[in-house]
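Work through the exercises below with the structure open beside you. Each task is followed by a solution in steps.

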Amino acid sequence: MNATSKTVLVTGATGYIGGRLARQMATRGLSVRCMGRRPDVLKARFGDTVESVHGDVTDPDSLRLALAGIDTAYYLIHALDERANFESLEMEGAKNFAQAAQEAGVRRIVYLGGLSDAHATESAHMRSRHAVGETLRDSGIPTIEFQASVVIGAGSLSFEMVRALVRRLPVMIAPRWVQMKTQPIAVDDVLHYLEEARTLDVDGHRTYEIGGADILSYRDLMMRYAASQGLRRRIFNVPFLTPWLSSLWLNLVTPLLARVGRKLIASICVSSVVRNSHALEDFSIRPMGIDDAIAAAHQEEEARILASHWTDALSASGAPKSWGGVHLGTRIIDERAAHVDLSPEEAFWPIARIGGTTGWYYANGLWKLRGLIDKLLGGVGSDRGRRHPEHLHIGDTLDWWRVEAIEENSCLVLLAEMKIPGRAWLRFDIEPDEDSSGCTIRQTAIFDPQGVAGLAYWYSLYPLHEFIFAGMCRNIARAAMENARD
(Lines give C-alpha, C1' and ligand atoms only; values in the text may rest on other atoms or scores of the structure.)
Protein backbone atom coordinates (compact mmCIF):
# COMPACT_ATOMS: atom_id res chain seq x y z
CA MET A 1 0.00 0.00 0.00
CA ASN A 2 1.64 3.24 -1.13
CA ALA A 3 0.53 6.26 0.87
CA THR A 4 3.84 8.05 1.10
CA SER A 5 2.70 11.05 -0.96
CA LYS A 6 -0.67 11.52 0.74
CA THR A 7 -1.55 14.21 3.26
CA VAL A 8 -2.24 13.02 6.78
CA LEU A 9 -4.39 14.81 9.36
CA VAL A 10 -3.39 14.85 13.03
CA THR A 11 -6.07 15.86 15.49
CA GLY A 12 -5.15 16.59 19.09
CA ALA A 13 -1.83 18.05 17.92
CA THR A 14 -1.57 20.26 21.01
CA GLY A 15 -1.68 17.11 23.15
CA TYR A 16 1.08 14.85 24.35
CA ILE A 17 0.95 12.17 21.64
CA GLY A 18 -0.45 14.26 18.79
CA GLY A 19 2.21 16.94 18.97
CA ARG A 20 5.02 14.40 18.93
CA LEU A 21 3.48 12.42 16.09
CA ALA A 22 2.95 15.50 13.91
CA ARG A 23 6.50 16.66 14.45
CA GLN A 24 7.94 13.19 13.82
CA MET A 25 6.10 12.69 10.53
CA ALA A 26 6.91 16.21 9.33
CA THR A 27 10.58 15.57 10.07
CA ARG A 28 10.37 12.52 7.81
CA GLY A 29 9.14 14.72 4.97
CA LEU A 30 5.46 13.74 5.06
CA SER A 31 2.69 16.21 4.24
CA VAL A 32 1.07 16.84 7.64
CA ARG A 33 -2.02 18.89 8.44
CA CYS A 34 -2.83 19.64 12.09
CA MET A 35 -6.34 20.51 13.20
CA GLY A 36 -7.21 22.49 16.31
CA ARG A 37 -9.68 24.96 17.74
CA ARG A 38 -6.89 27.56 17.75
CA PRO A 39 -4.71 27.24 14.65
CA ASP A 40 -2.62 30.19 15.85
CA VAL A 41 -1.42 28.00 18.73
CA LEU A 42 -0.55 25.22 16.28
CA LYS A 43 1.28 27.72 14.08
CA ALA A 44 3.32 28.95 17.02
CA ARG A 45 4.21 25.40 17.98
CA PHE A 46 5.06 23.91 14.57
CA GLY A 47 5.81 26.93 12.38
CA ASP A 48 5.78 26.13 8.68
CA THR A 49 6.67 22.44 9.13
CA VAL A 50 2.97 21.48 9.10
CA GLU A 51 -0.26 22.97 7.77
CA SER A 52 -2.36 24.36 10.63
CA VAL A 53 -6.13 24.59 10.16
CA HIS A 54 -9.16 25.33 12.30
CA GLY A 55 -11.35 22.40 13.29
CA ASP A 56 -13.55 21.48 16.24
CA VAL A 57 -15.16 18.04 16.53
CA THR A 58 -18.15 19.63 18.29
CA ASP A 59 -18.71 21.82 15.18
CA PRO A 60 -19.38 19.56 12.16
CA ASP A 61 -19.14 22.42 9.66
CA SER A 62 -15.56 23.14 10.69
CA LEU A 63 -14.46 19.58 9.84
CA ARG A 64 -15.11 19.74 6.10
CA LEU A 65 -12.14 21.96 5.26
CA ALA A 66 -9.87 20.18 7.74
CA LEU A 67 -10.59 16.75 6.20
CA ALA A 68 -10.57 17.81 2.54
CA GLY A 69 -7.96 15.85 0.58
CA ILE A 70 -6.87 13.77 3.59
CA ASP A 71 -5.68 10.20 3.06
CA THR A 72 -5.13 9.08 6.68
CA ALA A 73 -6.67 10.78 9.70
CA TYR A 74 -5.27 10.33 13.21
CA TYR A 75 -7.95 10.68 15.86
CA LEU A 76 -6.10 11.58 19.08
CA ILE A 77 -8.75 13.65 20.86
CA HIS A 78 -9.79 12.95 24.45
CA ALA A 79 -11.97 15.03 26.76
CA LEU A 80 -10.43 13.77 30.02
CA ASP A 81 -9.90 17.27 31.40
CA GLU A 82 -13.35 18.63 30.58
CA ARG A 83 -15.49 19.66 33.56
CA ALA A 84 -18.72 18.58 31.88
CA ASN A 85 -19.78 15.01 31.02
CA PHE A 86 -16.71 13.94 29.10
CA GLU A 87 -18.30 10.68 27.89
CA SER A 88 -21.04 12.58 26.05
CA LEU A 89 -18.51 15.03 24.63
CA GLU A 90 -16.25 12.27 23.36
CA MET A 91 -19.15 10.41 21.70
CA GLU A 92 -20.47 13.57 20.04
CA GLY A 93 -17.02 14.46 18.73
CA ALA A 94 -16.34 10.97 17.40
CA LYS A 95 -19.69 10.82 15.56
CA ASN A 96 -19.14 14.22 13.94
CA PHE A 97 -15.62 13.32 12.90
CA ALA A 98 -16.58 9.91 11.52
CA GLN A 99 -19.35 11.36 9.37
CA ALA A 100 -17.17 14.19 8.05
CA ALA A 101 -14.33 11.75 7.28
CA GLN A 102 -16.73 9.52 5.35
CA GLU A 103 -17.99 12.45 3.30
CA ALA A 104 -14.42 13.57 2.58
CA GLY A 105 -13.38 10.13 1.32
CA VAL A 106 -10.71 9.51 3.95
CA ARG A 107 -8.96 6.18 3.26
CA ARG A 108 -8.06 5.22 6.84
CA ILE A 109 -8.60 6.37 10.43
CA VAL A 110 -6.01 5.62 13.10
CA TYR A 111 -7.17 5.92 16.70
CA LEU A 112 -5.32 5.60 20.01
CA GLY A 113 -7.49 4.33 22.85
CA GLY A 114 -6.95 2.69 26.22
CA LEU A 115 -6.10 -0.90 27.09
CA SER A 116 -8.48 -2.72 29.42
CA ASP A 117 -11.03 -5.49 29.54
CA ALA A 118 -13.81 -4.41 27.16
CA HIS A 119 -16.34 -5.65 29.72
CA ALA A 120 -14.89 -3.54 32.55
CA THR A 121 -17.63 -0.94 32.97
CA GLU A 122 -16.55 0.60 36.29
CA SER A 123 -14.20 3.03 34.53
CA ALA A 124 -16.02 5.77 32.64
CA HIS A 125 -12.68 6.71 31.12
CA MET A 126 -12.22 3.25 29.59
CA ARG A 127 -15.89 2.92 28.62
CA SER A 128 -15.58 6.10 26.64
CA ARG A 129 -12.34 5.05 24.94
CA HIS A 130 -13.91 1.80 23.72
CA ALA A 131 -17.11 3.56 22.61
CA VAL A 132 -15.15 6.08 20.54
CA GLY A 133 -13.38 3.24 18.74
CA GLU A 134 -16.70 1.60 17.93
CA THR A 135 -18.12 4.89 16.63
CA LEU A 136 -15.17 5.44 14.30
CA ARG A 137 -15.50 1.89 12.94
CA ASP A 138 -19.22 2.40 12.35
CA SER A 139 -18.34 5.08 9.81
CA GLY A 140 -17.39 2.31 7.38
CA ILE A 141 -13.89 3.78 6.97
CA PRO A 142 -11.20 1.15 7.66
CA THR A 143 -10.07 1.98 11.19
CA ILE A 144 -6.96 0.86 13.05
CA GLU A 145 -7.44 1.20 16.78
CA PHE A 146 -4.54 0.89 19.19
CA GLN A 147 -5.31 0.15 22.82
CA ALA A 148 -2.35 1.19 24.98
CA SER A 149 -1.54 0.78 28.63
CA VAL A 150 0.46 3.34 30.64
CA VAL A 151 2.63 5.47 28.34
CA ILE A 152 6.14 6.04 29.68
CA GLY A 153 7.68 9.29 28.53
CA ALA A 154 8.71 12.69 29.82
CA GLY A 155 5.50 14.67 30.27
CA SER A 156 2.94 11.86 29.96
CA LEU A 157 0.14 12.11 32.52
CA SER A 158 0.53 8.62 34.02
CA PHE A 159 4.31 8.77 34.13
CA GLU A 160 4.34 12.23 35.71
CA MET A 161 1.98 10.93 38.40
CA VAL A 162 4.34 8.05 39.21
CA ARG A 163 7.36 10.32 39.04
CA ALA A 164 5.91 12.93 41.37
CA LEU A 165 4.77 10.39 43.95
CA VAL A 166 8.14 8.66 44.06
CA ARG A 167 10.25 11.81 44.16
CA ARG A 168 8.13 13.59 46.77
CA LEU A 169 7.13 10.81 49.16
CA PRO A 170 9.81 8.61 50.77
CA VAL A 171 7.02 6.66 52.49
CA MET A 172 3.69 6.08 50.74
CA ILE A 173 0.38 4.83 52.12
CA ALA A 174 -1.14 3.44 48.95
CA PRO A 175 -4.59 2.09 48.06
CA ARG A 176 -5.24 -1.32 46.54
CA TRP A 177 -5.02 -0.05 42.96
CA VAL A 178 -1.21 0.04 43.19
CA GLN A 179 -1.31 -3.79 42.98
CA MET A 180 -3.16 -3.73 39.63
CA LYS A 181 -1.18 -5.20 36.74
CA THR A 182 -0.21 -3.03 33.81
CA GLN A 183 2.02 -3.33 30.74
CA PRO A 184 3.69 0.09 30.30
CA ILE A 185 4.87 1.11 26.85
CA ALA A 186 7.47 3.72 25.88
CA VAL A 187 6.14 6.77 24.06
CA ASP A 188 8.59 6.19 21.20
CA ASP A 189 7.12 2.73 20.63
CA VAL A 190 3.59 4.19 20.59
CA LEU A 191 4.66 6.73 17.98
CA HIS A 192 6.24 4.03 15.84
CA TYR A 193 3.03 1.99 15.94
CA LEU A 194 0.97 5.02 14.96
CA GLU A 195 3.19 5.98 12.08
CA GLU A 196 3.54 2.45 10.72
CA ALA A 197 -0.27 2.07 10.78
CA ARG A 198 -0.50 4.62 7.97
CA THR A 199 1.02 2.20 5.44
CA LEU A 200 0.10 -1.13 7.06
CA ASP A 201 -1.04 -3.56 4.34
CA VAL A 202 -4.33 -4.76 5.84
CA ASP A 203 -7.95 -4.35 4.84
CA GLY A 204 -10.91 -3.40 6.98
CA HIS A 205 -10.87 -2.71 10.70
CA ARG A 206 -8.15 -3.84 13.08
CA THR A 207 -7.80 -3.48 16.84
CA TYR A 208 -4.34 -3.92 18.34
CA GLU A 209 -3.45 -4.14 22.01
CA ILE A 210 0.01 -2.67 22.55
CA GLY A 211 2.28 -2.76 25.58
CA GLY A 212 5.92 -2.93 26.52
CA ALA A 213 8.04 -6.01 27.16
CA ASP A 214 7.28 -6.14 30.92
CA ILE A 215 4.13 -6.80 32.93
CA LEU A 216 4.19 -5.35 36.46
CA SER A 217 2.03 -3.68 39.09
CA TYR A 218 1.86 0.07 39.65
CA ARG A 219 3.69 -0.56 42.90
CA ASP A 220 6.48 -2.31 40.99
CA LEU A 221 6.50 0.54 38.47
CA MET A 222 7.04 3.07 41.25
CA MET A 223 9.79 0.96 42.81
CA ARG A 224 11.53 0.53 39.44
CA TYR A 225 11.42 4.29 38.94
CA ALA A 226 12.83 4.81 42.45
CA ALA A 227 15.66 2.37 41.71
CA SER A 228 16.50 4.25 38.50
CA GLN A 229 16.94 7.41 40.59
CA GLY A 230 18.86 5.77 43.41
CA LEU A 231 15.97 6.42 45.84
CA ARG A 232 14.85 4.19 48.69
CA ARG A 233 11.07 4.14 49.04
CA ARG A 234 8.58 2.28 51.23
CA ILE A 235 4.99 1.59 50.19
CA PHE A 236 2.31 0.41 52.62
CA ASN A 237 -1.06 -0.71 51.27
CA VAL A 238 -4.37 0.25 52.88
CA PRO A 239 -7.83 -0.93 51.76
CA PHE A 240 -9.90 2.19 52.36
CA LEU A 241 -8.67 4.82 49.86
CA THR A 242 -11.38 5.09 47.18
CA PRO A 243 -10.53 6.47 43.72
CA TRP A 244 -12.22 9.74 44.72
CA LEU A 245 -10.17 10.09 47.91
CA SER A 246 -7.05 8.97 46.07
CA SER A 247 -7.49 11.72 43.48
CA LEU A 248 -7.71 14.37 46.20
CA TRP A 249 -4.59 12.94 47.80
CA LEU A 250 -2.81 13.01 44.43
CA ASN A 251 -3.81 16.64 44.00
CA LEU A 252 -1.85 17.50 47.14
CA VAL A 253 1.40 15.84 46.12
CA THR A 254 1.37 15.73 42.29
CA PRO A 255 0.64 18.25 39.51
CA LEU A 256 -2.59 16.45 38.58
CA LEU A 257 -5.91 18.20 38.88
CA ALA A 258 -8.32 16.33 41.17
CA ARG A 259 -10.95 15.90 38.43
CA VAL A 260 -8.34 14.44 36.05
CA GLY A 261 -6.93 12.24 38.81
CA ARG A 262 -10.36 10.78 39.57
CA LYS A 263 -10.91 9.68 35.97
CA LEU A 264 -7.34 8.46 35.60
CA ILE A 265 -7.39 6.42 38.80
CA ALA A 266 -10.72 4.86 37.83
CA SER A 267 -8.99 3.51 34.73
CA ILE A 268 -5.96 2.43 36.75
CA CYS A 269 -8.28 0.25 38.85
CA VAL A 270 -8.77 -1.91 35.74
CA SER A 271 -6.07 -4.31 34.58
CA SER A 272 -4.30 -3.17 31.40
CA VAL A 273 -2.35 -6.15 30.09
CA VAL A 274 -2.00 -7.25 26.45
CA ARG A 275 -3.99 -10.44 25.85
CA ASN A 276 -3.07 -11.16 22.23
CA SER A 277 0.02 -10.86 20.05
CA HIS A 278 -1.55 -9.44 16.89
CA ALA A 279 0.51 -6.22 17.07
CA LEU A 280 3.76 -8.19 17.23
CA GLU A 281 2.63 -10.26 14.23
CA ASP A 282 1.56 -7.38 11.96
CA PHE A 283 4.06 -4.65 12.90
CA SER A 284 7.85 -4.52 12.88
CA ILE A 285 8.02 -2.82 16.31
CA ARG A 286 9.49 -4.75 19.22
CA PRO A 287 8.66 -2.64 22.29
CA MET A 288 11.34 -1.98 24.90
CA GLY A 289 11.16 -3.02 28.56
CA ILE A 290 10.31 -0.75 31.48
CA ASP A 291 13.89 0.01 32.52
CA ASP A 292 14.83 1.13 29.00
CA ALA A 293 11.59 3.15 28.77
CA ILE A 294 12.36 4.97 32.03
CA ALA A 295 15.94 5.62 30.91
CA ALA A 296 14.67 7.06 27.61
CA ALA A 297 12.26 9.32 29.51
CA HIS A 298 15.13 10.61 31.65
CA GLN A 299 17.25 11.32 28.59
CA GLU A 300 14.39 13.27 27.05
CA GLU A 301 13.93 15.28 30.25
CA GLU A 302 17.59 16.26 30.20
CA ALA A 303 17.37 17.21 26.51
CA ARG A 304 14.28 19.31 27.25
CA ILE A 305 16.18 21.31 29.87
CA LEU A 306 18.90 22.02 27.32
CA ALA A 307 16.73 22.59 24.25
CA SER A 308 13.36 23.89 25.40
CA HIS A 309 12.36 27.48 25.75
CA TRP A 310 10.36 27.33 28.95
CA THR A 311 8.25 30.27 27.80
CA ASP A 312 6.52 27.88 25.37
CA ALA A 313 5.84 25.35 28.13
CA LEU A 314 4.58 28.02 30.53
CA SER A 315 2.20 29.37 27.91
CA ALA A 316 0.92 25.91 27.04
CA SER A 317 0.37 25.01 30.69
CA GLY A 318 -2.08 27.86 31.17
CA ALA A 319 -0.83 28.17 34.74
CA PRO A 320 -0.55 31.75 36.01
CA LYS A 321 2.66 32.79 37.69
CA SER A 322 2.17 32.78 41.43
CA TRP A 323 4.23 33.02 44.57
CA GLY A 324 6.63 30.11 44.55
CA GLY A 325 6.82 29.74 40.77
CA VAL A 326 4.92 27.66 38.24
CA HIS A 327 4.74 23.85 38.45
CA LEU A 328 5.47 21.99 35.21
CA GLY A 329 5.37 18.28 35.87
CA THR A 330 7.39 17.86 39.06
CA ARG A 331 9.61 20.85 38.30
CA ILE A 332 9.14 24.35 39.63
CA ILE A 333 9.89 27.21 37.25
CA ASP A 334 10.72 30.78 38.22
CA GLU A 335 11.08 33.06 35.20
CA ARG A 336 12.18 36.69 34.89
CA ALA A 337 12.54 38.84 31.80
CA ALA A 338 13.91 42.25 30.85
CA HIS A 339 13.66 43.95 27.47
CA VAL A 340 16.65 45.91 26.14
CA ASP A 341 17.11 47.92 22.97
CA LEU A 342 20.29 46.06 22.14
CA SER A 343 21.52 43.43 19.72
CA PRO A 344 21.67 39.79 20.90
CA GLU A 345 25.46 40.06 21.08
CA GLU A 346 25.26 43.13 23.34
CA ALA A 347 22.55 41.56 25.51
CA PHE A 348 24.54 38.35 25.97
CA TRP A 349 27.75 40.16 26.92
CA PRO A 350 27.16 40.20 30.73
CA ILE A 351 25.74 36.65 30.73
CA ALA A 352 28.91 35.27 29.17
CA ARG A 353 30.92 36.85 32.02
CA ILE A 354 28.73 35.83 34.95
CA GLY A 355 30.25 34.32 38.10
CA GLY A 356 33.90 34.16 39.11
CA THR A 357 35.42 37.57 39.77
CA THR A 358 32.50 39.28 37.99
CA GLY A 359 30.00 37.90 40.49
CA TRP A 360 26.27 37.39 40.00
CA TYR A 361 25.21 41.00 39.43
CA TYR A 362 23.17 41.21 42.63
CA ALA A 363 23.62 40.39 46.34
CA ASN A 364 27.09 38.94 45.82
CA GLY A 365 27.55 38.72 49.57
CA LEU A 366 24.60 36.32 49.81
CA TRP A 367 25.97 34.23 46.95
CA LYS A 368 29.30 33.95 48.78
CA LEU A 369 27.50 33.04 52.01
CA ARG A 370 25.60 30.28 50.21
CA GLY A 371 28.89 28.98 48.83
CA LEU A 372 30.40 28.92 52.33
CA ILE A 373 27.41 27.01 53.70
CA ASP A 374 27.71 24.51 50.87
CA LYS A 375 31.41 24.06 51.67
CA LEU A 376 30.62 23.41 55.34
CA LEU A 377 28.06 20.77 54.25
CA GLY A 378 30.74 18.98 52.23
CA GLY A 379 29.82 20.49 48.87
CA VAL A 380 31.98 22.16 46.23
CA GLY A 381 31.35 25.70 47.51
CA SER A 382 31.96 28.71 45.30
CA ASP A 383 35.77 28.78 45.33
CA ARG A 384 36.15 27.11 41.94
CA GLY A 385 35.53 30.36 40.05
CA ARG A 386 35.67 30.04 36.29
CA ARG A 387 38.29 28.90 33.79
CA HIS A 388 38.33 32.13 31.74
CA PRO A 389 36.88 35.55 32.59
CA GLU A 390 35.09 35.97 29.23
CA HIS A 391 34.70 32.61 27.49
CA LEU A 392 32.70 29.54 28.53
CA HIS A 393 32.55 26.04 27.12
CA ILE A 394 30.32 23.05 27.82
CA GLY A 395 31.61 21.25 30.92
CA ASP A 396 33.31 24.30 32.45
CA THR A 397 32.90 24.81 36.19
CA LEU A 398 31.43 28.14 37.23
CA ASP A 399 31.53 28.62 41.02
CA TRP A 400 29.13 25.85 42.19
CA TRP A 401 27.60 25.46 38.74
CA ARG A 402 28.65 23.56 35.63
CA VAL A 403 27.98 24.66 32.05
CA GLU A 404 25.46 22.24 30.54
CA ALA A 405 24.89 24.10 27.27
CA ILE A 406 25.93 27.33 25.65
CA GLU A 407 25.05 28.94 22.32
CA GLU A 408 26.91 32.10 21.44
CA ASN A 409 24.80 35.24 21.94
CA SER A 410 21.73 33.06 22.50
CA CYS A 411 21.63 30.69 25.48
CA LEU A 412 23.48 29.58 28.61
CA VAL A 413 22.36 26.65 30.80
CA LEU A 414 24.00 26.01 34.18
CA LEU A 415 23.53 22.88 36.31
CA ALA A 416 23.91 23.31 40.08
CA GLU A 417 26.50 21.08 41.78
CA MET A 418 25.86 22.35 45.32
CA LYS A 419 24.30 20.10 47.96
CA ILE A 420 20.53 20.52 47.64
CA PRO A 421 17.56 18.13 47.98
CA GLY A 422 16.90 17.92 44.27
CA ARG A 423 18.36 19.26 41.04
CA ALA A 424 18.55 22.86 39.88
CA TRP A 425 19.34 24.69 36.67
CA LEU A 426 19.80 28.37 35.87
CA ARG A 427 19.11 29.29 32.28
CA PHE A 428 19.56 32.51 30.29
CA ASP A 429 18.04 33.06 26.85
CA ILE A 430 18.28 35.99 24.44
CA GLU A 431 15.15 36.36 22.31
CA PRO A 432 15.42 38.92 19.47
CA ASP A 433 12.36 41.05 18.64
CA GLU A 434 10.61 40.22 15.37
CA ASP A 435 11.40 43.70 14.04
CA SER A 436 15.03 43.43 15.24
CA SER A 437 14.69 46.61 17.31
CA GLY A 438 15.90 44.91 20.48
CA CYS A 439 15.66 41.68 22.42
CA THR A 440 14.46 40.13 25.66
CA ILE A 441 16.81 38.74 28.27
CA ARG A 442 15.00 35.77 29.83
CA GLN A 443 16.29 34.29 33.08
CA THR A 444 14.81 30.98 34.25
CA ALA A 445 15.47 29.09 37.49
CA ILE A 446 14.37 25.44 37.29
CA PHE A 447 14.17 23.24 40.38
CA ASP A 448 13.31 19.54 40.49
CA PRO A 449 12.66 18.83 44.20
CA GLN A 450 13.37 15.46 45.73
CA GLY A 451 10.91 14.48 48.41
CA VAL A 452 9.28 16.69 50.99
CA ALA A 453 12.72 18.07 51.88
CA GLY A 454 13.08 19.44 48.36
CA LEU A 455 9.73 21.23 48.49
CA ALA A 456 10.54 22.62 51.96
CA TYR A 457 13.91 23.84 50.69
CA TRP A 458 12.41 25.67 47.71
CA TYR A 459 9.54 27.34 49.51
CA SER A 460 11.53 28.31 52.60
CA LEU A 461 14.13 30.06 50.46
CA TYR A 462 11.74 31.46 47.87
CA PRO A 463 11.37 34.88 49.55
CA LEU A 464 15.15 35.22 49.29
CA HIS A 465 15.17 33.86 45.74
CA GLU A 466 12.44 36.33 44.78
CA PHE A 467 14.68 39.14 45.98
CA ILE A 468 17.89 37.80 44.39
CA PHE A 469 16.52 36.59 41.03
CA ALA A 470 14.62 39.80 40.36
CA GLY A 471 17.67 41.92 41.16
CA MET A 472 19.98 39.71 39.10
CA CYS A 473 17.81 39.92 35.98
CA ARG A 474 17.42 43.66 36.35
CA ASN A 475 21.15 44.25 36.80
CA ILE A 476 22.16 41.97 33.93
CA ALA A 477 20.04 44.14 31.65
CA ARG A 478 21.59 47.26 33.16
CA ALA A 479 25.12 45.92 32.72
CA ALA A 480 24.41 45.11 29.07
CA MET A 481 23.16 48.64 28.38
CA GLU A 482 26.07 50.29 30.21
CA ASN A 483 28.61 48.16 28.30
CA ALA A 484 26.93 49.04 24.99
CA ARG A 485 27.24 52.78 25.80
CA ASP A 486 30.95 52.55 26.62
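**Exercise 1: a strand pair**

Task: How many bridges join β6 to β11?

Solution: In this predicted model, strand β6 covers residues 143-148. It is joined to β11 by 5 bridges, and the two strands run parallel. Within this sheet, Gln147 stands opposite Glu209 in β11.

**Exercise 2: the sheet**

Task: In which order do the strands of the open sheet lie?

Solution: The sheet has 7 strands with parallel pairing, in the order β3-β2-β1-β4-β5-β6-β11. At its edges are β3 (51-54) and β11 (206-210), each pairing on one side only. On average, neighbouring strands are turned by 20 degrees against each other, direction ignored.

**Exercise 3: a helix on the sheet**

Task: Which strands does helix α7 touch?

Solution: Helix α7, residues 187-197, packs on the sheet and touches β4 (70-75), β5 (108-114), β6 and β11. The direction of α7 makes about 155 degrees with that of β5.

**Exercise 4: two helices**

Task: Why is α1 classed as oblique to α7?

Solution: Start with the general description: two packed helices are described by the angle and the distance between their axes. Here the axes of α1 (residues 16-27) and α7 come within 10 Å and cross at roughly 60 degrees. Therefore α1 is oblique to α7. The crossing of α1 and α7 is right-handed.

Next, look at the contact. Residues of α1 including Tyr16, Ile17 and Leu21 meet residues of α7, among them Val187, Val190 and Leu194. By class, this contact has 8 nonpolar, 2 polar and 2 charged residues.

Key: Residues numbered from 1 in each chain as written. Predicted model: local features only at pLDDT ≥ 70, side-chain atom pairs only at ≥ 80, totals over all residues. Heavy atoms only, no water. Pairing = 2+ DSSP bridges. Helix = DSSP H or I, 4+ residues; strand = E, 2+ residues; numbered from the N terminus. Axes fitted to C-alpha atoms, helices over the stretch in contact; angles between N-to-C directions. Contact = heavy atoms within 4.5 Å. Parallel < 35°, antiparallel > 145°, perpendicular 65-115°, else oblique. Left-handed = near helix turned anticlockwise from the far one by under 90°. Nonpolar A, V, L, I, M, F, W, Y, C, P; charged D, E, K, R; others polar.
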